[in-house]
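Trainee: I would like to take a close look at a single part of this protein, and then see how that part sits within its surroundings.

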Amino acid sequence: SVEYRLLTNGVESDPASEYVHQSDRRDLIFAGKLDVWANTMMVQEIVREILPRIQEVVPSVKLHIVGGYPPRSIRKLERSNVIIHANVSDMRKYLRSAAVFLHPHKGGSGIQNKALEAMASGCAVVTTTTGVHGIPAVHGRDVMIGKNSEEIAFYATQLLKDIKLRETLAANAQRLVSEKFSWDTIFGQMDGILDEMFPPKPLDT
């Protein structure tokens, strides 16, 4: 029989010196490789179905779309309140200054690194059930989980208006990522797997 071990993805946690306080965060963000079909579909859903609902309550809010190689279908969505940052060197800079990460994920594709990076950057995450597959995040404690565009818009609006709720959610998410997905944690797990597979030989006495 074949034996195997699972090792999850890791993410770099932001140092405290680079943390942007929630009171200084204003806008929405989506970040990812923008020429990937699934990401293109999420951006279009955000702009067409989610953002208008949020703007009914928070009309001044802006959406930042950050990532590599945005196709024409995304570029043509740009307007005064939808800003595209293409081919940036470091997405974390944008995640650190955003209030809410919108992630209307559908389907199954493993752990979503973009969600982990947003959580590590202190950006409150609103996603779906599949958006946190493999991440032991709890709705209302670490992230907000919506079933559809309407629920995602509702939770995002709630977080934009309630800084204390956003602070709590972001702090819990950062703690979760630090405990479960930091590189120190992943490397420790890898060392354990290697020791199990190749036990160290006892020292001669």
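Is Asp-142 buried or exposed, by its relative accessibility?

Mentor: Because the relative accessibility of Asp-142 in this predicted model is 3%, the residue counts as buried. The carboxylate does have a charged partner, for the side chains of Asp-142 and Arg-141 meet in a salt bridge, with 2.7 Å from N to O. Arg-141, by contrast, has a relative accessibility of 40% and therefore counts as partly exposed, the range for that class lying between 20% and 50%.

From this pair we can step along the chain to strand S6, which covers residues 144-145, and from there into the sheet. Six strands make up an open sheet, arranged in the order S3-S2-S1-S4-S5-S6 with parallel pairing. S6 is one of the edge strands, the other being S3 at residues 82-86, and each of them pairs on one side only. The partner of S6 is S5, to which S6 is joined in the parallel sense over 2 bridges, and within that pairing Met-144 of S6 is the bridge partner of Val-126.

Val-126 also leads inward, since it is the residue of S5 that stands opposite Leu-102. The strands concerned, S4 and S5 (residues 124-127), pair in the parallel sense over 4 bridges. On its other side, S4 is joined by 2 bridges to the parallel strand S1, residues 28-31, where Leu-28 stands opposite Val-100 of S4. In a regular strand, side chains alternate between the two faces of the sheet. S4, which comprises residues 100-103, is covered on both faces: Val-100 and Leu-102 are buried on one side, and Phe-101 and His-103 are buried on the other.

Returning to the charged side chains, the salt bridge of Asp-142 and Arg-141 belongs to a structure with a count of 5 salt bridges. Among the others is the contact between Arg-92 and Glu-12, whose closest N and O atoms are 3.4 Å apart. Arg-92 lies in helix H3 (residues 92-97) and Glu-12 in the segment before S1, so this pair ties together parts that are 80 residues apart in sequence. Arg-92 also meets the side chain of Asp-90 in a salt bridge, at 3.3 Å from N to O, and in this way Glu-12, Asp-90 and Arg-92 are linked in a network. As for their cover, Arg-92 counts as partly exposed because its relative accessibility is 24%, Asp-90 is likewise partly exposed at 27%, and Glu-12 is partly exposed with a relative accessible area of 48%.

Elsewhere on the surface there is a patch of positive charge, in which Arg-48, Arg-72, Lys-76 and Arg-79 gather. Of these residues, Arg-72 is found in helix H2, residues 72-75, and because its relative accessibility is 68%, Arg-72 counts as exposed. Set beside that, Asp-142 with its 3% is buried, and its bridge to Arg-141 joins it to a residue that is partly exposed.

Methods. Residues are numbered from 1 along each chain as its sequence is written. This is a predicted model: local features need pLDDT of at least 70, side-chain atom pairs count only at pLDDT 80 or more; totals for chains, interfaces and linings use all residues. Side-chain values use heavy atoms; hydrogens and water are left out. Patches are made of residues with over 30% relative accessible area and no salt bridge: like charges are joined within 9 Å, nonpolar side chains (Val, Leu, Ile, Met, Phe, Trp, Tyr) within 5 Å. Accessible areas come from the Shrake-Rupley method with a 1.4 Å probe; for residues, only the protein chains shown count as cover. A salt bridge is a side-chain nitrogen of Lys or Arg within 4 Å of a carboxyl oxygen of Asp or Glu. Lys and Arg count as positive and Asp and Glu as negative; His and the chain ends are not counted. The place of a charge is taken as NZ of Lys, CZ of Arg, CG of Asp or CD of Glu. Buried means under 20% relative accessible area, exposed over 50%, partly exposed in between (1.4 Å probe, protein chains only). Two strands pair if DSSP finds at least two bridges between them.
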